[in-house]
Amino acid sequence: MPVRFLRNASELADVSWETPLPVQVANAKPVPADTLLVATTTVTTDANRDLLGSTATELPTLDGCGQYRKLVWFYFRAGADAATYRVLARATDHNGAPLGAGWQEIVPATTLPGGANSWGRIEIPSAGDGYYDQYRIEVQRTAGSNYVLTSKIVGVR
Amino acid sequence: MSAERITRREMLKRLIVAPVGAAALATLPVREGSAAALQPYYEPYFVAVLWEGRTRCDSLWRSLKGDVVPVLPTVQGTTPYDRLYWTGYALGSAPVNVAMRVWARAVDHNGVPLGNGWRAIGQATIQTPPQRWFRVEIPEGHWDEYRLEVRSATPRLVYSRVIASQGYWKE
């Protein structure tokens, strides 16, 4: 005996490969993006200085990011002097220890877009998915004088 | 003239699939209106209405809310959303020629903008025959606040809504 179901308001249909029973996603919920970091950084000529101001290269700027498909870095730069940014990433084990020393460079030193008192937005990674556990984001001034960079990083699932 | 009773959800669906008038854009991309266009990455999609109402357009750049104060946002709390869509139509029997532009900014944990001013996301010119639907897609998501401004050399009333979409995380 065929199983029938109400396909729409007025049509009964037999269950078949062509007309399967309607289903809907259960236990799904919208997940908002999370703010991971809000920081001000003085952009200097120091190599390896990250957004937290640290030059200790083994320290991550962000940890516990494994659930995020993408990070969105918003910033407001007070100065126009040329600067570059670099993004490093790596995975950790179950105890939170990096799988190995060093980092994978996912964005090599790249010019930080924008002029004085301008806003910027950078997606990390720019293409594809992230899901790295830790990130280190470094900025370095390559000309001119120091200035303040105000950043906000949002993790998007 | 006939009328039908529809739910709010159904109305939202119709707005999303409403036909789009011609829009010459300087920087903002515009897509043909269809539900499929809203699902480039995820399915199902979560769509929220951030604002809806009437805007009196004149020669000044006004927020959709009507103000001419550049520091005020039109919508706030938009961090979760991948993409915003502005859709609506203009009243009147004359062809529509409304300019719009979009600004965005991020705020800190206290809701204070990270800096002065806004980031210019893009601008568009809505040019359609009278009483035709239009839709503009605002591509840069996850900013905390947006300001959508409109102006028209010929005063117009525009009914519109701003919707935003985000993905579902399937547990």
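How many helices and strands make up the secondary structure of chain B? In this predicted model, chain B has 1 helix and 10 strands. Read from the N terminus, the order of its elements is α-β-β-β-β-β-β-β-β-β-β. Of the 171 residues in chain B, 40% count as buried. Among the contacts in chain B between residues at least 6 apart in sequence, 79% join residues at least 24 apart.

Confidence should be taken into account before going further. The predictor gives the complex an ipTM of 0.72 and a pTM of 0.74. The average pLDDT of chain B is 78, and 71% of its residues score at least 70. Two stretches of chain B stay under 50: residues 17–27 and residues 29–43. The model nevertheless has contacts beyond four places in sequence for both, 39 for residues 17–27 and 28 for residues 29–43. Where pLDDT is low, predicted coordinates should not be read in detail.

Within chain B, strand β6 is a useful place to start. This strand spans residues 96–105 and is mostly covered, with 8 of its 10 residues buried. Strand β6 of chain B runs antiparallel to β7 (residues 119–128), to which 9 bridges join it. It also runs antiparallel to β9 (residues 145–151) of chain B, here through 7 bridges. B:Trp103 can be followed into both pairings: its bridge partner in β7 of chain B is B:Ala120, and in β9 of chain B it stands opposite B:Arg147.

The loop between β8 (134–138) and β9 of chain B contains B:His142. This residue is not a glycine, yet its phi is positive, near 70°. Is B:His142 buried or exposed? B:His142 counts as buried because it has 24 C-beta neighbours inside 10 Å, the cut-off being 20 or more.

Chain A offers an open sheet of 4 strands, in the order β4-β10-β5-β8, with antiparallel pairing. Its edge strands are β4 (34–43) and β8 (118–124), each of which pairs on one side only. On average, neighbouring strands of this sheet are turned by 20° against each other, direction ignored. Inside the sheet, β5 (residues 70–77) and β10 (residues 147–156) of chain A are joined by 8 bridges and run antiparallel. In this pairing A:Lys70 stands opposite A:Val156 of β10.

Two loops of chain A have backbone features of their own. In the loop between β4 and β5 of chain A lies A:Asn48, which has a positive phi of about 65° although it is not a glycine. A:Asn48 counts as partly exposed, because it has 13 C-beta neighbours inside 10 Å. The loop between β8 and β9 (134–141) of chain A holds A:Pro125. A cis peptide bond joins A:Ile124 to A:Pro125, with omega about -10°.

The largest nonpolar core has 62 residues. Which residues have the most contacts inside it? They are A:Leu71, A:Trp73, A:Tyr135, B:Leu84, B:Val98 and B:Tyr146. Leaving aside neighbours within four places in sequence, A:Leu71 is in contact with A:Cys65, A:Ile124, A:Gly130, A:Tyr135, A:Ile153 and A:Gly155. Among these contacts of A:Leu71 is A:Ile124, the residue that precedes the cis peptide bond to A:Pro125. Another is A:Tyr135, itself one of the core residues with the most contacts.

Conventions: Residues are numbered from 1 along each chain as its sequence is written. Chains are lettered from A and ligands numbered from 1 in the order in which they are written. This is a predicted model: local features need pLDDT of at least 70, side-chain atom pairs count only at pLDDT 80 or more; totals for chains, interfaces and linings use all residues. A residue is buried if 20 or more other C-beta atoms lie within 10 Å of its own, exposed if 12 or fewer, and partly exposed in between; C-beta atoms are placed from the backbone. Two strands pair if DSSP finds at least two bridges between them. A nonpolar core is a set of buried Ala, Val, Leu, Ile, Met, Phe, Trp, Tyr and Cys residues joined through C-beta atoms within 7 Å. Two residues are in contact if their C-beta atoms, placed from the backbone, lie within 7 Å. Axes are lines fitted to C-alpha atoms, for helices over the stretch in contact, and angles run from 0 to 180 degrees between N-to-C directions. pLDDT is the predictor's confidence in each residue, from 0 to 100.
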